[in-house]
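Here is a set of exercises to work through at your own pace. Have the model open beside you and try each task before reading its solution.

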Amino acid sequence: VVDTRYNFEIIADKFVEYRKACGAYKHNKKGEQSYPAMLVNHVYPILKNRNIKTITPKDIRDVLSFNRMWQEKPATSQKLVIFLKQIFDWAKAEHYFEGENPASMNGPLKTLMEAYKNDRVEPSHYPSLDYKEIPEFMLTVWNESKGGTIGADALFFSILTATRSKAVR
């Protein structure tokens, strides 16, 4: 007979329910949907039926490197590390887990993930135009479009009002 009390999926689902009951998602409805989805998409394929007491930093590394998530989706992987750390902290408080948190980036996991940093795609910002160059840029856009296209008008409106492009569209 398999003891499912320590099954990672069951404990993670209990943690999600605990967070809902505490009102953690009161102002974050997206989080209420995205965190369980991250478990299903990224964690459960590797840890679903594992006993939480046997999970190590190497297992967390395997989760983070699954489908090259650590390298190609740094924002998602950072959220997932935080979420996994919270699950293990809660499991420890509820006496499902003992020992050092395997998802802590202050411990062995940090060392294990260093090998994956070399080819990691870090998020970058779009280049910007110096404010002194805007009049010349506006004149160039106006002359290129002859001042009559919807795209040029939208660009002008966006620049003059500092409105996001989605709102302008």
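The exercises below go from helix packing to the core, then to a histidine and to salt bridges.

This is a predicted model, in which local features need pLDDT of at least 70, side-chain atom pairs count only at pLDDT 80 or more, and totals for chains, interfaces and linings use all residues. Residues are numbered from 1 along each chain as its sequence is written, and side-chain values use heavy atoms, with hydrogens and water left out.

**Exercise 1. Work out how helix 1 and helix 2 are oriented to each other, and which residues make their contact.**

Step 1: Locate the helices, which are DSSP runs of H or I with at least four residues, numbered from the N terminus. Helix 1 spans residues 8-21 and helix 2 spans residues 29-47.

Step 2: Take the geometry. The two helices pack at an angle of about 170°, and their axes are 11 Å apart. Axes here are lines fitted to C-alpha atoms over the stretch in contact, and angles run from 0 to 180 degrees between N-to-C directions.

Step 3: Classify the angle. Helix 1 and helix 2 are therefore roughly antiparallel, a label for angles over 145 degrees.

Step 4: List the contact residues, with contact meaning heavy atoms within 4.5 Å. Helix 1 brings Phe8, Glu9, Ala12, Asp13, Val16 and Lys20, while helix 2 brings Glu32, Pro36, Leu39, Val43, Tyr44 and Leu47.

Step 5: Sort them by type. There are 8 nonpolar, no polar and 4 charged residues in this contact. Ala, Val, Leu, Ile, Met, Phe, Trp, Tyr, Cys and Pro count as nonpolar, Asp, Glu, Lys and Arg as charged, and the others, Gly among them, as polar.

**Exercise 2. Find which helix supplies the largest share of the largest nonpolar core.**

Step 1: Recall that a nonpolar core is a set of buried Ala, Val, Leu, Ile, Met, Phe, Trp, Tyr and Cys residues joined through side-chain atoms within 4.5 Å. The largest one has 33 residues, and Phe8, Leu39, Ile52, Ile60, Leu64 and Leu84 have the most contacts inside it.

Step 2: Trace the contributors. Helix 1, helix 2, helix 3 (57-65), helix 4 (69-72), helix 5 (74-93) and helix 6 (108-113) each give at least two residues. Helix 5 supplies the largest share, 8 residues.

Step 3: Look at one of the core residues. Beyond its neighbours within four places in sequence, leucine 84 touches Phe8, Val43, Ile60, Val63 and Ala103.

**Exercise 3. Decide whether histidine 42 is buried or exposed, and find its contacts.**

Step 1: Histidine 42 sits in helix 2. Its relative accessibility is 13%, so histidine 42 counts as buried; buried means under 20% relative accessible area, exposed over 50% and partly exposed in between (1.4 Å probe, protein chains only).

Step 2: Outside four places in sequence, histidine 42 contacts Val63, Phe66, Met69, Thr76 and Leu80. Phenylalanine 66 is 24 residues away in sequence, with a C-alpha to C-alpha distance of 7.1 Å.

**Exercise 4. Examine the salt bridge of aspartate 89.**

Step 1: A salt bridge places a side-chain nitrogen of Lys or Arg within 4 Å of a carboxyl oxygen of Asp or Glu. The whole structure has 6 salt bridges.

Step 2: Aspartate 89 pairs with lysine 85 at 3.1 Å, N to O. Both residues lie in helix 5, 4 residues or about one turn apart.

Step 3: Check accessibility. Aspartate 89, at 37%, is partly exposed, and lysine 85, at 31%, is partly exposed.

Conventions:
Parallel < 35°, antiparallel > 145°, perpendicular 65-115°, else oblique.
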